[in-house]
Amino acid sequence: MELSNPITVWLVLGLLLMISEVIVPGGIVILLGAACVIVASSLALGIIEGFVQSMTLWFMTSMVLLLSFRHVTQRLVGGDAHVANTDEEADLYNQIATVKEAIGPGQQTGRIHCLGTDWTALGDGTEIKVGTKVRIICRDNIGFVVEPVIDSV
């Protein structure tokens, strides 16, 4: 076998792509490799000949395989399918924070420390002292509305 033979090149490339599916999961690379094997088979059978016909067949076969079997290979191979919460505010509700700068009385804002950073906070109208644990109720513009946490001991 010599690498100047186009059949060998397409076959080796196809097998390398199929094997690389282990490293790059997702079901796409294996279909591209299968298209290479189909091109090698077509060259061996004499259906096509030459570089331009080989590339054209590879592009067309790749598209057909990808559109037809992507959902099948995705189910078999898996890949990274993680659905996270897209509502960032929902992650913040009911978080416990520590008051860093007194909040209140009335509409006077203060500062809380939550999730590794300090935030502007507004209380329920009463004064909330430094060091008090508070629960985030909702977001108000770029700050949070908080209430003191009642310890049930």
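**Strand pairing, a cis proline and an aromatic contact**

Glu101 finds its bridge partner in strand 2, namely Arg111. That contact belongs to an antiparallel pairing of strand 1 with strand 2, which runs over 3 bridges. The model is a predicted one. Strand 1 also pairs with strand 4 (residues 133–140), again in the antiparallel sense and over 3 bridges. Here Ala97 is matched with Val134 of strand 4.

The loop between strand 1 (96–101) and strand 2 (110–114) holds Pro105. The peptide bond leading into this proline from Gly104 is cis, its omega sitting near 0°. That is worth a second look, because most peptide bonds are trans.

Next, the aromatic rings. A search of the whole structure turns up 2 aromatic pairs. One of them brings together Trp119 and Phe144 in an edge-to-face arrangement, with 5.0 Å from centre to centre and 70° between the planes. This pair ties together distant parts of the chain, as Trp119 lies in strand 3 (residues 117–122) and Phe144 in strand 5 (residues 143–148), 25 residues apart. Phe144 is buried, its relative accessible area being just 3%. Trp119 has 22% relative accessibility, so this residue counts as partly exposed; the cut-off for buried is under 20%.

As for confidence, the chain has a mean pLDDT of 84, and 86% of its residues reach 70 or more. Among the elements, helix 2 (residues 29–45) comes out highest with a mean of 93, while helix 4 (residues 88–92) is lowest at 67.

Methods: Residues are numbered from 1 along each chain as its sequence is written. This is a predicted model: local features need pLDDT of at least 70, side-chain atom pairs count only at pLDDT 80 or more; totals for chains, interfaces and linings use all residues. Side-chain values use heavy atoms; hydrogens and water are left out. pLDDT is the predictor's confidence in each residue, from 0 to 100. Helices (H or I, at least four residues) and strands (E, at least two) are DSSP runs, numbered from the N terminus. Rings of Phe, Tyr and Trp (its six-membered ring) pair if their centres lie within 6.5 Å; planes under 30 degrees apart count as stacked, over 60 as edge-to-face and the rest as tilted. Buried means under 20% relative accessible area, exposed over 50%, partly exposed in between (1.4 Å probe, protein chains only). Two strands pair if DSSP finds at least two bridges between them.
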